[in-house]
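User: I'm new to this one and would like a close look at a single part of it, the place where the ligand sits. Could you walk me through that, and then show me how the rest fits around it?

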Amino acid sequence: MNATPSSPSAAPRIVTGPHGPYFSFGGPLRFRGEGFVASAGEPFAYRWYDKDRLVLGRRMEDQLRMAACYWHSFVGTGTDPFGDATFARPWHDGGDAMQQALHKADVAFEMFQVLGVPFFTFHDRDIAPEGATLAESNDNVKRLADVFEEKMAKTGVRLLWGTANLFSHPRYMAGAATNPDPDVFAYAAAQVRNVLEATHRLGGANYVLWGGREGYETLLNTDLGRELAQMGRFLALVVEHKHKIGFKGQILIEPKPAEPTKHQYDFDVASVHGFLRTYGLEHEVKLNIEQNHALLAGHTFEHEIALAQALGIFGSLDMNRGDEMLGWDTDQFPHNVQQVALAMYQVLQGGGIGAGGLNFDAKLRRQSIEPDDLVWAHASAMDVCARALLVAEKMVTDGALQRHLQARYAGWEGERGRAILEGRMSLEDLAREVEQHRLEPRPRSARQERLEHLVAGYL
Ligand code: XUL
Ligand code: CO
């Protein structure tokens with residue numbers, strides 16, 4: 001589908017702060033269709049991200065609900081375990097921390113407007129500096145939430161989720177909810193209360209808990225059972241407060257098997273589901289599934305999505321990629337259309353993204369030091385997700401994959417299959433059936449290669 005070309009100068013301008021524009025893109029990026037050819041005046045236009053295009057009856061923007069994250073984009077400096085900062089962001093130059101937070105917010109909203117991305121996400125410590133006391137820190141977060149409220153009203157950008165950073169500060173080195181010291185638990189609770197309330201005030205669609213320090217390094221110093229009970233209690237408190245303040249968004253846990261902690265309790269979808277059931281929270285809490293975390297847990301992204309859907313706890317996605325060669329969380333922007341399409345197919349088959357979204361929990365490589373690299377990274381990722389959604393749409397509408405699945409399990413719709421599942425047959429009944437009818441199951445091909453060929457055709 002190709003858009004009618006129009007002159008780039010016709011695009012509306014972007015609202016920037018007192019420091020002026022940070023990016024060289026003067027107006028919002030436009031959709032110009034697959035045939036778009038870049039020029040000096042318009043180096044980037046979306047080829048597939050056409051937000052109003054209807055995909056399976058919903059606007060593309062609403063099917064994807066994409067979000068830019070605050071932390072990697074505006075807090076990240078390009079450090080790695082062996083190297084110093086490479087991104088020279090003006091708001092990291094020292095000076096008054098609150099002024100810098102305001103500058104950062106201006107640039108963040110400039111980028112959201114350039115991209116036309118409908119949502120953003122943040123941790124409390126990304127947006128505002130830590131104060132001398134928790135009260136001061138909480139106050140700083142509230143002040144920035146005021147600024148966001150105004151910017152959101154002006155730009156129409158919405159909040160996909162907020163979260164508390166319960167992992168960077170040394171007080172959390174032995175965990176937040178799972179800390180051996182209840183004072184740390186209390187501190188974390190006070191911090192979450194503040195961010196949950198800020199998220200509520202900003203109309204956030206979700207609130208996320210990622211337990212980067214909730215786990216252990218060695219069982220020699222860890223009472224695992226006790227820590228799990230603490231974590232269950234903490235989550236119950238969050239849910240209780242959500243209802244108390246009338247927050248209607250979803251509470252989400254983001255599983256990850258390890259890093260920074262050697263063993264994290266929220267290992268993967270299956271272990272979080274078990275945890276939620278143990279503490280009676282399976283109807284209150286859903287999951288934010290991240291591509292790279294799935295890989296680290298030894299699963300594909302689509303496996304984690306399909307499992308969460310099957311268990312009724314699918315919530316939202318952190319859309320990034322890992323590196324097949326590396327065993328750590330590289331948090332790269334997605335660019336593999338087939339990979340994303342397989343994930344989006346599961347999302348669509350399960351009924352769509354719902355109140356969740358596709359959050360780019362992704363960071364630039366440390367050599368990508370130009371301000372515009374941030375825009376390019378997000379814009380290309382948005383285009384990849386849009387293209388993947390269109391591929392997934394074909395997979396759904398063509399229906400061949402679904403027909404194969406139905407045929408493969410058809411036996412379970414027959415009398416014997418239903419009787420088994422409905423509990424109308426005992427082991428003895430089944431043994432009698434086999435003997436009486438001389439049942440001899442017939443092997444059938446699962447046709448994997450044919451299906452893979454089919455998928456290649458949708459790309
Ligand atoms: C860490 C990670 C976090 C969460 C939010 O791997 O994914 O950034 O998404 O705390
Ligand atoms: Co994440």
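How far does a polar side-chain atom of His-123 lie from an oxygen atom of ligand 1?

Analyst: One thing up front: this is a predicted model. As for your question, the distance is 2.7 Å, running from a polar side-chain atom of His-123 to an oxygen atom of ligand 1. Two acidic side chains can be described in a similar way. Glu-254 puts a polar side-chain atom 2.6 Å from an oxygen atom of ligand 1, and for Glu-290 the matching value is 2.8 Å.

Now let's step back to the whole surroundings. The residues around ligand 1 include the aromatic side chains Trp-71, Trp-161, Phe-167 and Trp-210. Also among them are the two histidines His-123 and His-293, along with Lys-256. Then there are the acidic ones, Glu-254, Glu-290, Asp-318, Asp-329 and Asp-361.

Where does that put us in the chain? The chain is split into domain 1, covering 11-29 + 42-398, and domain 2, covering 401-458. His-123, Glu-254 and Glu-290, the three we started with, have numbers that fall within domain 1. The centres of the two domains, taken over C-alpha atoms, are 40 Å apart. Where they touch, domain 1 brings eight residues and domain 2 brings five.

Together the two domains bury about 650 Å², with 52% of that on carbon and sulfur atoms. On the domain 1 side, Lys-394, Met-395 and Asp-398 do a lot of the work: they supply 60% of the area domain 1 buries against domain 2, more than any other three residues. Between the domains there are zero salt bridges, but four residue pairs are in polar contact. The elements of domain 1 that give two or more residues to this side are α11 (337-349) and α12 (371-398). By type, the residues on that side come out as four nonpolar, two polar and two charged.

Two backbone details round off the tour. Pro-260 sits in the loop between β8 (250-253) and β9 (263-264), and the peptide bond leading into Pro-260 from Glu-259 is cis, with omega near 10°. The other one is Leu-56, in the loop between β1 (54-55) and β2 (58-59). Leu-56 has a phi near 50°, a positive value in a residue other than glycine.

Methods: Residues are numbered from 1 along each chain as its sequence is written. Chains are lettered from A and ligands numbered from 1 in the order in which they are written. This is a predicted model: local features need pLDDT of at least 70, side-chain atom pairs count only at pLDDT 80 or more; totals for chains, interfaces and linings use all residues. Side-chain values use heavy atoms; hydrogens and water are left out. Domain bounds come from an automatic or database domain assignment. Contact means heavy atoms within 4.5 Å. Buried area is the accessible area (1.4 Å probe) that two parts lose on being put together, summed over both. A salt bridge is a side-chain nitrogen of Lys or Arg within 4 Å of a carboxyl oxygen of Asp or Glu. A polar contact is a pair of N or O atoms within 3.5 Å; within protein, one must be able to donate a hydrogen and the other to accept it, and residues adjacent in sequence count only if both atoms are side-chain atoms. Helices (H or I, at least four residues) and strands (E, at least two) are DSSP runs, numbered from the N terminus. Ala, Val, Leu, Ile, Met, Phe, Trp, Tyr, Cys and Pro count as nonpolar, Asp, Glu, Lys and Arg as charged, and the others, Gly among them, as polar. A residue is near a molecule or strand if one of its heavy atoms lies within 4 Å of it.
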